[in-house]
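Grab a pencil and work through these exercises one at a time. Try each task yourself before you read its solution.

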Amino acid sequence: MSRPNRSEIDTLIDLLARLPGLGPRSARRAVLFLIRKRGILLQPLAEAMQAVAQNARECLNCGNVGTTEICEICSDDTRANGLLCVVEDVADLWAMERAGAFRGRYHVLGGTLSALDGVGPDELRIPQLKDRIAGEEITEVILALNQTVDGQTTAHYIADQIEDRVALSSLAQGVPIGGELDYLDDGTIGAALNARKRL
Amino acid sequence: MDWRDTGILLATRRHGESSVILEVFTPERGRHAGVLRGGASRRMQPHLQPGTQLQLEWHARLEDHLGQYRVEPLRGRAATAMSDRVALAGLNATCAMLAFALPERVAHPRLYESSRNLLDLLHRPDLWPLAYMRWELALLNELGFGLDLTSCAVTGETEDLAYVSPRSGRAVTRAGAGDWAHRLLPLPPVLRGEGEASDREVHAGLEVTGFFLDSHLSPLAGRPLPAARAAFLDRLARRAET
């Protein structure tokens, strides 16, 4: 028995299956679920996706993703406190915002330097970072880059470029909250021990 | 087909959503790639940084297949290097040079030993540049392009060696060079294991090894020397200035 509109549904399944964490089976289940909840989920989802597709853009200032040319964080004057947190990716910015521990502004690099993948300084938003330090009266730049070889290579490169203009700091390394020593890699344990603090 | 060995992780590449392709340098099988299922997981990522010493199990149906790895981390080296700019640049340069210069699946046990020893010195940024320069000489030697800096190619003398011939890679004395001196490369004494091993001298030595690496290996690889090596030299030059 043939199903009506099979091609549209199959297209939707194919598209969903490309999303991270989903495969063809889970995409099929998601599509079936959406069809069953057409009124309360599928229609609003389609409208939301349409709106995002039309309006989503990169903030001209920091590289965050929003629906305006200048994102909410950059337009918030209370966050112009001279602190600028440099992150690798928008996902890292959102993670920092979830934590709610930082009230300054951000700068998204858009990746890390990688000799293997041919990513050089010109491919990242490093020139824009230099412009912002000069133009926004930044007093401290916090390098919140991943603790990977590429992340730290990028951090050192940025430090070379701006350390004579502004105070620089980086995130601490050590035992995560809820972490058990037995499950930590030797590098993290060594870093945590080096950065120990007096109680 | 399967084998067990230890190896130095040179690079990882994402493969699908959860796997990575590992490129490792092993003593018995040289530079060898393979897929690691689950290698993109958060649990594995701290262990899969360049320079990590791994226990490896490789399995494939046929020998020329890419195959799959199972790994157990033995010793990480990235954490040692991350806090020091020269050490981190050196770690990047070593791994990039091995990935660039070595043919796949050809054993280089002596070079493996010297690479492992070099990476184990990363916690000594004072010694490291000299060790790296010697390692590049060993790399050239291992790949059949070794420099002969023991005596003059023209006169046979062993004293006052001041140049290297860019064609033969042999030392030349000041007297032997004569009017051709401007066409020869300067020979920093540190390349012969003489004189002081300051950052400036080592940098000069690396300019010479770089010339031969570029002229011999780049045509074979079909690409220029890795940018990571230039970044290391740049880092060393900055340290020499301070």
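A salt bridge here is a side-chain nitrogen of Lys or Arg within 4 Å of a carboxyl oxygen of Asp or Glu. Keep in mind that you're looking at a predicted model.

**Exercise 1: a salt bridge across the contact**

Task: Work out why Arg238(B) and Asp160(A) count as a salt bridge.

Solution:
- Step 1. Check the distance: the closest N and O atoms of Arg238(B) and Asp160(A) are 3.9 Å apart.
- Step 2. Compare with the cut-off: the pair counts because 3.9 Å is within 4 Å.
- Step 3. Put the pair in context: chain A and chain B have four salt bridges between them. There are also eight residue pairs in polar contact, with both residues at pLDDT 80 or more.

**Exercise 2: who makes the contact?**

Task: Find which elements give two or more residues to the side of chain A that touches chain B.

Solution:
- Step 1. Count the players: chain A brings 21 residues to the contact, and chain B brings 22 residues.
- Step 2. Look for the elements on chain A's side: they are α7 (149–162) and α8 (186–194) of chain A. With seven residues, α7(A) gives the largest share.
- Step 3. Sort chain A's side by residue type: you get eight nonpolar, eight polar and five charged.
- Step 4. Turn to area: the two chains bury about 1,600 Å² between them, and 54% of that is on carbon and sulfur atoms. Leu116(A), Val149(A) and His156(A) supply 38% of the area chain A buries against chain B, more than any other three residues.

**Exercise 3: the sheet and its helices**

Task: Trace the order of the strands in the open sheet of chain A, then place α6(A) and α7(A) on it.

Solution:
- Step 1. Read off the order: the four strands run β4-β3-β5-β6, with parallel pairing.
- Step 2. Spot the edges: β4 (105–108) and β6 (167–170) of chain A each pair on one side only. On average, neighbouring strands are turned by 25° against each other, direction ignored.
- Step 3. Zoom in on one pair: strand β5 (residues 140–143) of chain A is joined to β6(A) by four bridges. Val141(A), for instance, has Leu168(A) as its bridge partner.
- Step 4. Recall what holds such pairs: strands of a sheet pair through backbone hydrogen bonds, either parallel or antiparallel.
- Step 5. Add the helices: α6 (residues 126–135) of chain A lies across β3 (83–87), β4 and β5, at about 155° to β4(A). Helix α7(A) packs on the sheet too, touching β3, β5 and β6 of chain A, and its direction makes about 165° with that of β5(A).

Conventions. Residues numbered from 1 in each chain as written. Chains lettered and ligands numbered in written order. Predicted model: local features only at pLDDT ≥ 70, side-chain atom pairs only at ≥ 80, totals over all residues. Heavy atoms only, no water. Buried area = accessible area lost by both parts, 1.4 Å probe. Polar contact = N/O pair within 3.5 Å; in protein donor to acceptor, adjacent residues only side chain to side chain. Nonpolar A, V, L, I, M, F, W, Y, C, P; charged D, E, K, R; others polar. Pairing = 2+ DSSP bridges. Axes fitted to C-alpha atoms, helices over the stretch in contact; angles between N-to-C directions. Contact = heavy atoms within 4.5 Å.
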